[in-house]
Amino acid sequence: MAVKPVIYGQSDRPPRGDYAQAREDYTCDQQHSTYTAQDHSTYARLYARQQALLPGLACQGFIDSLPLLGATDTIPRFEDINARLLPATGWQLVGVPGLIPEVPFFTLLSERKFPVTNWIRTPAEFDYIVEPDLFHDLFGHVPLLFDASYADHIQAYGKGALKAHALEHGPAQITGAVEMLSRLYWYTIEFGLLREGGQCRAYGAGILSSSGELAHSIRSPEPARLPLQTPADLLHCMASRYKIDTYQNPYFVIDSFDALLALTAPDFTPYYRQLQVAAA
Ligand code: PHE
Ligand code: FE
């Protein structure tokens with residue numbers, strides 16, 4: 001059953017993935033046998049470059065779990081990663097043709113299924129691609145799914161986002177709830193920093209899969225690095241708009257995944273109401 005493609009931001013480009021292959025829940029097979037020698041080589045080269053950049057910049061949990069992705073010189077099979085991931089934290093990878101709509105995306109996360117794009121960028125896009133591809137999804141997000149607290153947080157986010165969607169579209173009509181939560185996702189799961197031994201280290205997938213932003217996020221004097229510890233910080237984060245095509249400013253810094261889990265555990269409904277009033 002064909003589903004509609006999703007395009008990131010405003011764009012004239014046609015969608016990249018083959019949405020005709022997708023099931024009703026937007027998942028599709030990885031189709032590992034269709035990768036070309038060039039696809040495997042792109043992955044191997046991206047992996048090698050990025051791995052060499054990690055020391056002193058990526059958080060330790062990420063560095064420790066990265067080898068669990070398996071193959072480094074070819075694109076790994078999702079099923080091989082699942083054989084390790086499922087017993088470790090109960091998560092599994094599912095293929096998707098690219099970006100998928102909000103509700104199917106949140107639903108998969110709430111079921112501990114992580115959607116991974118099944119195509120990889122072209123050599124011309126080696127240094128930068130706006131939309132997430134297989135390398136971003138796999139290298140950036142999946143190693144930390146082996147961390148129990150991070151893994152629990154992503155599922156809680158999926159459930160919380162379904163709730164936010166219901167609040168927005170149900171009788172409560174809290175406008176912008178999903179947008180507020182997507183900002184939190186952006187500043188944590190995609191571009192978050194973690195305080196480790198007094199130093200900032202990256203745990204956000206958008207940083208970890210970027211050759212330029214990894215060092216920039218940790219070492220550049222330019223961006224603000226704001227704490228994400230208190231409910232007031234959380235509200236500030238959810239009120240902060242972001243750009244998808246430049247290095248981030250500000251970054252938000254957490255103390256641990258357990259602290260993030262605790263900070264986001266309360267019912268967000270009053271937060272959404274407060275921010276809705278502030279935005280009006
Ligand atoms: N606890 C939040 C709520 O009840 C949901 C949430 C969980 C949001 C985890 C972000 C991360 O609405
Ligand atoms: Fe991502």
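Buried means under 20% relative accessible area, exposed means over 50%, and partly exposed lies in between, with a 1.4 Å probe and protein chains only. This is a predicted model, in which local features need pLDDT of at least 70, side-chain atom pairs count only at pLDDT 80 or more, and totals for chains, interfaces and linings use all residues. Residues are numbered from 1 along each chain as its sequence is written, chains are lettered from A and ligands numbered from 1 in the order in which they are written, and side-chain values use heavy atoms, with hydrogens and water left out.

**Stop 1: two residues with positive phi**

Select Arg112. Arg112 sits in the loop between helix H4 (102–110) and strand E2; helices (H or I, at least four residues) and strands (E, at least two) are DSSP runs, numbered from the N terminus. Is Arg112 buried or exposed? Its relative accessibility is 15%, so Arg112 counts as buried. Its phi is positive, about 60°, although Arg112 is not a glycine. Most residues other than glycine have a negative phi, and most peptide bonds are trans.

Now select Gln173, in the loop between helix H6 (148–169) and H7. Gln173 is not a glycine either, and has a positive phi of about 45°. Its relative accessibility is 58%, so Gln173 counts as exposed.

**Stop 2: a cis peptide bond**

Select Asn249 and Pro250. The peptide bond that joins them is cis, with omega about 10°. Pro250 belongs to the loop between helix H10 (231–238) and strand E6 (251–254).

**Stop 3: helix H5**

Begin at Pro132, in the loop between strand E2 (113–117) and H5. At 17% relative accessibility, Pro132 counts as buried. Then select H5. How many of its residues are buried? Eight of its eight residues are buried, and the helix is mostly covered. Among them are Leu134, Asp137, Leu138 and Gly140.

**Stop 4: the iron ion**

Select the iron ion (ligand 2) and show the side chains around it. Which residues coordinate the iron ion? The donor atoms come from His136 (NE2), His141 (NE2) and Glu190 (OE, listed twice), at 2.0 to 2.7 Å. Donors are N, O and S atoms within 2.8 Å of the metal (3.2 Å for Na, K and Ca); water is not among the atoms, so sites may look incomplete.

Along the sequence, the donor residues follow the spacing H-x4-H-x48-E. His141 in helix H5 (residues 134–141) and Glu190 in helix H7 (residues 177–190) are 49 residues apart, and this pair links distant parts of the chain. His141 is buried, with a relative accessible area of 2%, and Glu190 is buried too, at 11%.

The angles among the four donor atoms run from 53 to 137°, and the site is irregular. Four donors count as tetrahedral if all angles lie between 85 and 135 degrees; four count as square planar and six as octahedral if opposite donors are over 155 degrees apart and all others between 65 and 115; anything else is irregular.

**Stop 5: aromatic rings**

Rings of Phe, Tyr and Trp (its six-membered ring) pair if their centres lie within 6.5 Å; planes under 30 degrees apart count as stacked, over 60 as edge-to-face and the rest as tilted. This rule gives a count of 18 aromatic pairs.

Select Phe135 and Phe139. Their ring centres are 4.8 Å apart and their planes are at 25°, so the pair is stacked. Both residues lie in helix H5, four residues apart, which is about one turn of the helix. Both are buried. Add Tyr43, Tyr47 and Phe62 to the selection to show one aromatic cluster, formed with Phe135 and Phe139.

Next, select Arg45 and Phe126. The charged end of Arg45 sits over the ring of Phe126, 4.4 Å from its centre. The rule requires NZ of Lys or CZ of Arg within 6 Å of the ring centre and within 35 degrees of the ring normal.

**Stop 6: ligand 1**

Select ligand 1 and the residues near it (one heavy atom within 4 Å). The residues that surround ligand 1 include His153, Tyr157, Lys163, Leu181, Ala265, Pro266 and Phe268.

Look for polar contacts, which are pairs of N or O atoms within 3.5 Å; within protein, one must be able to donate a hydrogen and the other to accept it, and residues adjacent in sequence count only if both atoms are side-chain atoms. A nitrogen atom of ligand 1 lies 2.8 Å from a backbone N or O atom of Pro266. For Ala265, a backbone N or O atom is 3.3 Å from a nitrogen atom of the ligand. A polar backbone atom of Phe268 is 3.2 Å from an oxygen atom of ligand 1.
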